[in-house]
Amino acid sequence: MIPHQKRSWAEPFKIKMVELLKMTTPAQRRKAIKEAGYNTFLLRSEDVYIDLLTDSGTSAMSDQQWAGLMLGDEAYAGSKNFYNLERSVKEHYGYKYLIPTHQGRGAENILSKVMIKKGDIIPGNMYFTTTRLHQELAGGTFADVIIDEAHDPTHPHPFKGNIDLDKLEKLIKKHGAARIPYVCVAVTVNMAGGQPVSMANMKEVRALTARHGIKVILDMTRIAENAFFIQQREKGYARRSVKSLVKEMCSYTDGATFSAKKDALVNIGGFLALNDEEKYQEASNMVVVYEGLHTYGGLAGRDMEAMAIGIAESVQDEHMKARIGQVLYLGDRLQQADIPIVTPVGGHGIFIDAKKFLPHLKQDQFPAQALAAELYLDAGIRTMERGIVSAGRNAKTGDHYYPKLELVRLTIPRRVYTQAHMDVIAESVANVYDRRDKITGLRMVWEPQYLRFFQARFQVL
Ligand SMILES: *Cc1c(COP(=O)(O)O)cnc(C)c1O
């Protein structure tokens, strides 16, 4: 019986249009995953039942956003939608100068080119694949300064995305502030499982870097999710709105790169935002080379309009409560089935600990990659690897990086799936867990030069 005092919440929206899904048979899935080289990135979307590959560009837009598409001003220069986006960015994030880009990595490319000199060190709270690559391509070296707890999949620290101030200070002493153009703070930390950074940590990082004249740049892809965790977990912030917390976080930084494909509820888009006028001038010249004119940066006018509206919707408390509520619901169900997952559960998905799930596999047998393939085979659920394949190789030695975390990410798109889908996912994972002893590892038979997890191919050992 349901206790009568229990009050359930539900999504703050109703469904206006649906997209039908194809159901596949086990034989069809075996064929599909083999043809995809056991890499879920190489599956065809139509062969997937529930797609948890990523929360990037997979959100459902609102009727307001769809209406916004019709207001696209597709002028080459000075589109009305650019100014709407600029206004939305100023209102919600507070940055002075805006350069739209086709997505987050477009902004990372330009930021890296205008800020990083050869030999520079860029500290950050755990690496992100495209971010680190752009830093390296610009001649810089990424240095991880996240707290140690982030590498422990079950440490209960409520803000496992925090920057370790001692590590950062030591790095500044060792290399000198002149070689550190900025500290990159990611909110939330994707590779650690969507773990948030506390407001206290943001303030401390600001104070420390200010003493050395070092800038702070946000990777603000999931900033609203991070703000929700501050509201829920950090003392003194329970009564603050997500919207006001987002703006406060930005106020401790000098600029940001943004993939609007996550928090901002659009299918494509991103931007670089800066407060420094000189750097902005350089960047707005650079964007013309790589993306498009500085008032569209690789986006259609309608894309910028949908983004401007999506940003406003993303910081609403009710939206965030339902979005993260759904992720936490799936996390609870998996924990009830004893599945080893990263805890506390982060903002954008569930991360299964593949080392614990498949303890009989060595890390160079790609346990997370193998588990992602098995999850697809069981019920057509597509997930992705976040472990040794994603970590890539050390450019100097050519060896794999062996990350502590070997994870499979079940990323939940925003406003797309129902609670019943979450139940089907939990049951499928539990079913695979029951036969985990029979799962074998993989051998990598082909890998591309950059970001190999997207395109590498495997065979069953
Ligand atoms: C997705 C993402 C990026 C890159 O953004 P794209 O839009 O995919 O190019 C950068 N940082 C983080 C933390 C991300 O999750």
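**Contacts between domain 1 and domain 2, and the setting of strand 12**

Five salt bridges are counted between domain 1 and domain 2 in this predicted model. The division underlying this count assigns residues 26–55 together with 317–460 to domain 1, and residues 63–314 to domain 2. A salt bridge is also found between the side chains of glutamate 313 and arginine 415, with an N to O distance of 3.1 Å. Polar contacts between domain 1 and domain 2 amount to 15 residue pairs, where both residues of a pair have pLDDT 80 or more. On the side of domain 1 that touches domain 2, the elements contributing two or more residues are helix 12 (317–336), strand 9, helix 15 (388–391) and strand 12. Of what is given to this side of domain 1, helix 12 supplies the most, namely six residues.

The extent of the interface can be described by separation, by contacts and by area. The C-alpha centres of domain 1 and domain 2 are 26 Å apart, and 32 residues of domain 1 are in contact with 43 residues of domain 2. The size of an interface is often expressed as the accessible area that is lost when the parts come together. For domain 1 and domain 2, the buried area is about 2900 Å², with 57% of it given by carbon and sulfur atoms. Within domain 1, the residues that lose the most area to domain 2 are Met320, Pro344 and Leu405, which together account for 19% of what that side buries.

Strand 12, which is among the elements giving two or more residues to the side of domain 1 that touches domain 2, spans residues 407–411 and is mostly covered, with five of its five residues buried. The residues of strand 12 point in two directions, Leu407, Arg409 and Thr411 one way and Val408 and Leu410 the other way, and all of them are buried.

The pairing of strand 12 involves strand 9 and strand 11. Strand 9 (residues 349–353) runs antiparallel to strand 12 and is joined to it by five bridges; in this pairing, valine 408 of strand 12 is the bridge partner of isoleucine 352. Strand 11 (residues 384–386) is likewise antiparallel to strand 12, with three bridges between them, and here arginine 409 of strand 12 is the bridge partner of methionine 384. Valine 408 and arginine 409, the partners named in these two pairings, point opposite ways from strand 12, and both are buried.

Conventions:
Residues are numbered from 1 along each chain as its sequence is written. This is a predicted model: local features need pLDDT of at least 70, side-chain atom pairs count only at pLDDT 80 or more; totals for chains, interfaces and linings use all residues. Side-chain values use heavy atoms; hydrogens and water are left out. Buried means under 20% relative accessible area, exposed over 50%, partly exposed in between (1.4 Å probe, protein chains only). Helices (H or I, at least four residues) and strands (E, at least two) are DSSP runs, numbered from the N terminus. Two strands pair if DSSP finds at least two bridges between them. Domain bounds come from an automatic or database domain assignment. Contact means heavy atoms within 4.5 Å. Buried area is the accessible area (1.4 Å probe) that two parts lose on being put together, summed over both. A salt bridge is a side-chain nitrogen of Lys or Arg within 4 Å of a carboxyl oxygen of Asp or Glu. A polar contact is a pair of N or O atoms within 3.5 Å; within protein, one must be able to donate a hydrogen and the other to accept it, and residues adjacent in sequence count only if both atoms are side-chain atoms.
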